[in-house]
Amino acid sequence: MSIEEKQDFPTYQDSDSVEYPENEKKVSELIKQFHKSNIPIELIGSGSKRKIGKPLQCAKILNLSKLSGIIEYFPEELYIKVKACTPINQIEEKLKKNKQQLAFEPIDFGYIFSGKSDHGTAAGQVACNISGPRRFKVGS
């Protein structure tokens with residue numbers, strides 16, 4: 001498809017097509033609005049896995065990067081609750097303070113795509129179901 005065709009296509013992305021919701025309520029409102037209007041959206045966090053596969057053709061991008069942070073952490077219970085776009089590195093640093101680690105091994109595509117480490121976010125790991133090389137021994 002040529003650039004001219006893409007610009008006339010209803011799902012062509014332009015510079016103002018990105019929404020940055022501040023909280024979960026705003027995410028819900030935007031998704032309802034886009035669904036009612038039949039507008040296709042792409043959900044992204046840090047974008048660390050966007051180069052995997054074909055790029056999506058969506059009218060809007062819902063960037064969830066502002067939904068980040070550790071909500072609860074109970075080391076004695078081996079329990080941690082985080083917001084969607086909490087960086088994996090931040091979670092691992094918190095766990096290391098109590099000599100703990102994630103049950104899966106997050107794969108790092110950062111070196112392949114950008115030349116530097118980037119494990120992405122918690123939601124990206126769940127959405128892509130990519131568990132890394134330890135998957136064969138401990139499961140996903």
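1. Let's start on the outward side of helix α2: K25, K32, H35 and K36 are exposed there. Keep in mind as you look that this is a predicted model.

2. Now turn α2 around. Which residues of α2 are buried? They are V27, L30 and F34. Looking down the axis of α2, you'd see these buried residues fall within an arc of 70 degrees, so they line one face of the helix. K25, K32, H35 and K36 sit on the other side.

3. What covers that buried face? The cover over the buried residues of α2 includes three strands: β1 (18-19), β2 (41-44) and β3 (60-63). Try picking out these strands in the viewer, with V27, L30 and F34 shown as side chains.

4. Here's a quick check on the geometry of α2. The helix runs over residues 24-36, and at 1.5 Å a residue its 13 residues should span 18 Å. The C-alpha atoms at its ends are 18 Å apart, which agrees with that expectation.

5. Have a look at both ends of α2 too. At the N-terminal end, N23 acts as a cap, with a side-chain oxygen 3.2 Å from the backbone nitrogen of K25. That's the K25 we already met among the exposed residues. Just after the helix, N38 takes a positive phi of about 60 degrees.

6. On to the aromatic rings. How many aromatic pairs does a search of the whole structure find? It finds one. The pair is F74 with Y79: their ring centres are 5.8 Å apart and their planes meet at 15 degrees, so the pair counts as stacked; the cut-off for stacking is under 30 degrees.

7. Are the two partners buried, exposed or in between? F74 has a relative accessible area of 35%, so it is partly exposed. Y79 is also at 35% relative accessibility and therefore counts as partly exposed. For this label, the value has to fall between 20% and 50%.

8. Finally, zoom out to the whole protein. It has six helices and five strands, and along the sequence they follow the pattern α-β-α-β-β-β-β-α-α-α-α. Of its 140 residues, 29% count as buried. The protein exposes about 9,600 Å², with carbon and sulfur atoms supplying 53% of that area.

9. One last number, about contacts along the chain. Take the contacts with a separation of 6 or more: residues 24 or more positions apart account for 51% of them.

Terms used:
Residues are numbered from 1 along each chain as its sequence is written. This is a predicted model: local features need pLDDT of at least 70, side-chain atom pairs count only at pLDDT 80 or more; totals for chains, interfaces and linings use all residues. Side-chain values use heavy atoms; hydrogens and water are left out. Helices (H or I, at least four residues) and strands (E, at least two) are DSSP runs, numbered from the N terminus. The expected span of a helix is 1.5 Å times one less than its number of residues. Buried means under 20% relative accessible area, exposed over 50%, partly exposed in between (1.4 Å probe, protein chains only). The arc is that of the directions from the helix axis to the C-beta atoms. Contact means heavy atoms within 4.5 Å. A polar contact is a pair of N or O atoms within 3.5 Å; within protein, one must be able to donate a hydrogen and the other to accept it, and residues adjacent in sequence count only if both atoms are side-chain atoms. Rings of Phe, Tyr and Trp (its six-membered ring) pair if their centres lie within 6.5 Å; planes under 30 degrees apart count as stacked, over 60 as edge-to-face and the rest as tilted. Accessible areas come from the Shrake-Rupley method with a 1.4 Å probe; for residues, only the protein chains shown count as cover.
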